[in-house]
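User: Could you take a close look at the pockets in this model for me, and then walk me through what sits in the interior around them? I'd like one connected picture rather than a list.

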Amino acid sequence: MMTLYSGTTDPYSHRCRIVLFEKGMDFQVIDVDLANKPEDLAVINPHNTVPVLVERDLVLQQANIINEYIDERFPHPQLMPADPVMRARARLFLHNFEQELFAHIPDIESGNQKAADKARVAIRDNLTQIVPLFSRQEYILGDEFSMLDVAIAPLLWRLGHYGIELPKQAAPLLKYAERIFSRPAYIEAMTPSEKAMRK
């Protein structure tokens, strides 16, 4: 059975949990308190970071790598596009999410007011740029829920928690976020601490 070492409030671990629940398969989640990590985590992952997926003698880290592995190993429902061109586009989107959105989260969590404010502005502006997508389609890649929706959802869930306010024109993006948050797998994938992030 697959075991996921998952940070209780870690957005990357949240992504992996969403994928596991979307696939509806057998797995075990070991909840890791990031302030007090278990010793065996450093043994299986020298970087001592989460998420980590363990399946027999396979140990994977990094949310995108873990999620692509799960998607290929359990192809239903498929979350990465089957078409190579669309799949390459999806990977580019994922890369851009890391660079333009998620890379700013450590600054928000750092406690440095100046860095945090700058990071909030960067995330707000980059999210505002993708708003037009949601005026035309249900999900990021079109009408099908995909790995891109999985990737961005934990950030959208945490906007209030991170103190990020989107402008009025971002209404289609917020409506899209609510669509994702109402998915049964999304609800099941959340930890109590994550549920408490949104009132």
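Analyst: Two helices, H1 (11–23) and H3 (63–73), each give at least two residues to the lining of the largest pocket. H3 makes the largest contribution there, with three residues. Bear in mind that this is a predicted model. The pocket holds about 320 Å³ of space, and 16 residues line it. Nearest its centre you'll find Tyr12, Val50, Pro51, Gln62 and Ala63. If you're thinking about the chemistry of the wall, the lining splits into six nonpolar, six polar and four charged residues.

Next comes the second largest pocket, at about 200 Å³. Its lining includes a run from Pro77 through Gln78, Leu79 and Met80 to Pro81. Leu141, Glu144, Phe145 and Ser146 are also part of that lining, and so are Glu22, Met86 and Arg183. By class that comes to seven nonpolar, two polar and three charged residues.

Now for the enclosed space. Searching the whole structure turns up one cavity of 30 Å³ or more, and its volume is about 40 Å³. Around it sit Arg15, Asn64, Asn67, Glu68, Leu94, Met147, Val150 and Ala151. H3 and H8 are the elements that each put two or more residues into this lining. The class count here is four nonpolar, two polar and two charged.

Asn67 is a good residue to zoom in on. It belongs to helix H3 and is one of the residues lining the cavity. Asn67 counts as buried because its relative accessible area is 2%, where the cut-off for buried is under 20%. Beyond the residues up to four places away in sequence, Asn67 touches Arg15, Cys16, Val19, Met147 and Val150. Among these partners, Arg15, Met147 and Val150 also appear in the cavity lining.

From there, follow H8 into the nonpolar interior. The largest nonpolar core has 55 residues, and Leu127, Ile152, Leu156 and Tyr176 have the most contacts inside it. Helix H8 (residues 147–157) supplies the largest share of that core, nine residues. Take Ile152 as an example: setting aside neighbours within four places in sequence, its contacts are Phe97, Leu101, Leu127, Ile130, Ile140 and Tyr176. Two of the core's best-connected residues, Leu127 and Tyr176, are therefore on the contact list of Ile152, where contact means heavy atoms within 4.5 Å. There's also a second core, separate from this one, with six residues, including Tyr5, Val32, Leu41 and Val54.

One more stop, at a charged residue: Arg158. You'll find Arg158 in the loop between H8 and helix H9 (171–181). Charged or not, Arg158 counts as buried because its relative accessibility is 0%. Its side chain makes a polar contact of 2.8 Å with the side chain of Glu194. Leaving out residues up to four places away in sequence, Arg158 also touches Thr9, Asp10, Pro11, His14 and Met197.

Technical notes. Residues are numbered from 1 along each chain as its sequence is written. This is a predicted model: local features need pLDDT of at least 70, side-chain atom pairs count only at pLDDT 80 or more; totals for chains, interfaces and linings use all residues. Side-chain values use heavy atoms; hydrogens and water are left out. A nonpolar core is a set of buried Ala, Val, Leu, Ile, Met, Phe, Trp, Tyr and Cys residues joined through side-chain atoms within 4.5 Å. Buried means under 20% relative accessible area, exposed over 50%, partly exposed in between (1.4 Å probe, protein chains only). Helices (H or I, at least four residues) and strands (E, at least two) are DSSP runs, numbered from the N terminus. On a 1 Å grid over the protein atoms alone, a cavity is a set of points where a 1.4 Å probe fits but cannot get out, and a pocket is an open set with protein on both sides within 12 Å along at least five of seven lines; lining residues have an atom within 4 Å of a point. Grid points are joined across faces, edges and corners, and a volume is the space filled by probe spheres set on the points. Ala, Val, Leu, Ile, Met, Phe, Trp, Tyr, Cys and Pro count as nonpolar, Asp, Glu, Lys and Arg as charged, and the others, Gly among them, as polar. A polar contact is a pair of N or O atoms within 3.5 Å; within protein, one must be able to donate a hydrogen and the other to accept it, and residues adjacent in sequence count only if both atoms are side-chain atoms.
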